[in-house]
Amino acid sequence: AAHSEQALAAMAEELHGRVTKAMRCPHANHVLQKLIALAQPETMQFVVDELLARDGVVAQATRHRYGCRIVQQLLKRCPAWQVEGLAEGLLAGAGSFACHPFGNYVIQHFAHRCTEEQRHRLVLVLERGVGVIGKSSSGCSVVNAAFVHAAADDKALLARAILNEGGFVRTLATTRQGSSVVINVLRALKGKELDLAHSLLAPSAETWRASRYGRLVAECLDTSA
């Protein structure tokens, strides 16, 4: 193997006690990422431990240009029990991270990798704050990730929350990420709730046909009518 367990153990030894410093370094963060990508999960326990050793470090990593990559790698490579503490930190700040230029990528990754119970809790955070979260492109990307990975009931819950913001759903329709949110809302709802969505959106559909992203919403309205 290109990287023996002994070589990875030596790499880990070099990084012990230096994780928070390494994750912020333009060079050392690549070494840390390589270790996480290649080593066995038990070898990486010290990385998780150091991120959880002090309050605020998980949040700092999630918002950092390089640190966000470390958190994503850990979510990808470690079993759920090993990163449960990380997950709790992410859920505690998910509303804020969702709107952050780096943090949003971590929350999108989390939506994909987390447990069903954690995903439900993430949807509840998004549901409560969707009127604010959906105002940014980053936030819309996170909402779309939740729609992709959540259970059907949670998708409907999130869709209802977006509709309950009134005209907000119309403002989303002509933006790149927002248009995807609106299409996901239409796909998540049925019956009278879908009829309500149509009544809110249909009056603007014709003007959207001239818009690059609004056109996609108008076409979805045509097919879901």
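This section describes the nonpolar core, the salt bridges and one buried glutamine of a predicted model.

The largest nonpolar core holds 76 residues. Within this core, the members that touch the most others are Leu32, Leu51, Leu74, Leu90, Phe147 and Ile162. The surroundings of Leu51 illustrate how such a residue is placed. Apart from neighbours within four places in sequence, Leu51 is in contact with Val19 and Met23, with Val57, Val58 and Ala61, and with Leu74 and Leu86. Leu74, one of these contacts, is itself listed among the core residues that touch the most other members.

The count of salt bridges in the model comes to 6. Arg209 takes part in a salt bridge with Glu206, in which the closest N and O atoms are 3.0 Å apart. Glu206 has a relative accessible area of 56% and is therefore classed as exposed, the cut-off being over 50%. Arg209, at 31% relative accessibility, is partly exposed. Arg209 also forms a salt bridge with Asp222, and here the closest N and O atoms lie 3.1 Å apart. This second pair links distant parts of the chain, with the two positions 13 residues apart in numbering. Asp222 belongs to helix α17, which covers residues 214–224, whereas Arg209 lies in the loop between α16 (205–208) and α17. The relative accessibility of Asp222 is 47%, so Asp222 counts as partly exposed.

A further salt bridge is found inside helix α17. Arg215 pairs with Glu219, the closest N and O atoms being 3.4 Å apart. Both residues lie in helix α17 and are separated by 4 residues, about one turn of the helix. Arg215 has a relative accessible area of 35% and Glu219 one of 38%; partly exposed is the class assigned to Arg215 and to Glu219. Elsewhere, Glu88, Glu117 and Arg121 are joined into one network by salt bridges that share partners.

Gln72 presents a case of a buried polar side chain to be described separately. Gln72 is located in helix α6, which spans residues 67–77. Its relative accessible area is 18%, and because buried means under 20%, Gln72 falls in the buried class. When neighbours within four places in sequence are set aside, the contacts of Gln72 are with Tyr105, Val106 and His109.

Note on methods:
Residues numbered from 1 in each chain as written. Predicted model: local features only at pLDDT ≥ 70, side-chain atom pairs only at ≥ 80, totals over all residues. Heavy atoms only, no water. Core = buried A, V, L, I, M, F, W, Y, C linked by side-chain atoms within 4.5 Å. Buried < 20%, exposed > 50% of the residue type's maximum accessible area, 1.4 Å probe, protein only. Contact = heavy atoms within 4.5 Å. Salt bridge = Lys/Arg side-chain N within 4 Å of Asp/Glu carboxyl O.
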